[in-house]
Amino acid sequence: MNKEEFVDSIKLVVSDGSVKAVESSLLEPPGIQPSKELIESSDWFNKLKTEDKEMVMKVVSRSVEMAVFGFFCVLDGV
């Protein structure tokens with residue numbers, strides 16, 4: 001695996017996967033007995049208007065991208 005393939009796989013698996021997992025958990029909390037916090041977050045999210053949900057997911061996506069970028073910076077020693 002070269003550098004580009006590594007970065008692409010991190011984007012696909014870690015970044016994109018995390019955003020999808022957060023959205024899925026907000027839409028419908030997983031598990032037999034989801035935590036109270038997750039249920040509250042889901043209830044709040046599902047009451048939002050469509051455009052507000054989209055904005056929340058943009059913020060989630062940006063947050064994940066910044067976290068992955070920060071990880072790469074640490075990995076590079078900068």
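Which residues do ring pairs link into a cluster? In this predicted model, the answer is Phe6, Phe71 and Phe72. Before turning to that cluster, it helps to get a feel for the chain as a whole.

The protein chain holds three helices and zero strands, so a walk along the sequence reads simply α-α-α. Its C-alpha atoms fill a box of roughly 45 × 30 × 20 Å along the principal axes. The radius of gyration comes to 15 Å, whereas a compact globule of 78 residues would have one near 12 Å. Buried residues account for 18% of the 78 residues in the chain. As for how the chain meets itself, take the contacts between residues at least 6 apart in sequence: 45% of these join residues at least 24 apart.

Helix α1 covers residues 3-27. With 25 residues, α1 reaches 35 Å from its first C-alpha to its last, close to the 36 Å expected at 1.5 Å a residue. There is a bend along the way, of about 30 degrees, at Gly17. At the N-terminal end, α1 is capped by Asn2, which places a side-chain oxygen 3.0 Å from the backbone nitrogen of Glu4. The buried residues of α1 are Ile10, Ser15, Val19, Ser25 and Leu26, and these pack against α2 (36-47) and α3 (50-76).

Ser15 is a good spot to pause on the α1 side. Its relative accessible area is 6%, and buried means under 20%, so Ser15 falls in the buried class. Setting aside its neighbours within four places in sequence, Ser15 touches Ile10, Val64, Glu65 and Val68. Of these contacts, Ile10 is itself on the list of buried residues of α1, while Val64 and Val68 are on the corresponding list for α3. Val22, also in helix α1, has a relative accessibility of 32% and counts as partly exposed. The C-alpha atom of Val22 is separated by 9.5 Å from that of Ser61, although the two residues are 39 residues apart along the chain.

Past the end of α1, Glu28 sits in the loop between α1 and α2. Is this residue buried or exposed? At 61% relative accessibility, Glu28 counts as exposed. Glu28 and Asp43 are 15 residues apart in sequence, and their C-alpha atoms are 9.0 Å apart in space.

Helix α3 has 27 residues, which at 1.5 Å a residue should span 39 Å. Its end C-alpha atoms are indeed 39 Å apart, so the span agrees with expectation. The buried residues here are Val56, Met57, Val60, Val64, Val68 and Phe72, and what covers them includes α1 and α2. Just after α3, Gly77 takes a positive phi of about 80 degrees.

That leaves the rings. A pair of aromatic rings is described by the distance of the centres and the angle of the planes. The structure holds two aromatic pairs. One of them joins Phe6 and Phe72, with 6.1 Å from centre to centre and 65 degrees between the planes, an edge-to-face arrangement. Why does this pair tie together parts that are 66 residues apart in sequence? Phe6 lies in helix α1 and Phe72 in helix α3, so the link runs from one helix to the other. The other pair is made by Phe71 and Phe72, whose ring centres are also 6.1 Å apart. Here the planes stand at 50 degrees; planes over 60 degrees apart count as edge-to-face and those under 30 as stacked, so this pair is tilted.

The cluster members can also be told apart by their accessibility. Phe72 has 17% relative accessibility and counts as buried, in keeping with its place among the buried residues of α3. Phe6 is partly exposed, with a relative accessible area of 33%. Phe71 is partly exposed too, at 48% relative accessibility, a value that does not pass the 50% cut-off, so Phe71 is not classed as exposed. Put together, Phe72 takes part in the edge-to-face pair with Phe6 and in the tilted pair with Phe71, and the three rings are thereby linked into a cluster.

Technical notes
Residues are numbered from 1 along each chain as its sequence is written. This is a predicted model: local features need pLDDT of at least 70, side-chain atom pairs count only at pLDDT 80 or more; totals for chains, interfaces and linings use all residues. Side-chain values use heavy atoms; hydrogens and water are left out. Helices (H or I, at least four residues) and strands (E, at least two) are DSSP runs, numbered from the N terminus. The expected span of a helix is 1.5 Å times one less than its number of residues. The bend at a residue is the angle between axes fitted to the seven residues ending there and the seven starting there. Buried means under 20% relative accessible area, exposed over 50%, partly exposed in between (1.4 Å probe, protein chains only). Contact means heavy atoms within 4.5 Å. A polar contact is a pair of N or O atoms within 3.5 Å; within protein, one must be able to donate a hydrogen and the other to accept it, and residues adjacent in sequence count only if both atoms are side-chain atoms. Rings of Phe, Tyr and Trp (its six-membered ring) pair if their centres lie within 6.5 Å; planes under 30 degrees apart count as stacked, over 60 as edge-to-face and the rest as tilted. The radius of gyration is taken over C-alpha atoms; the globule rule is 2.2 Å times the number of residues to the power 0.38.
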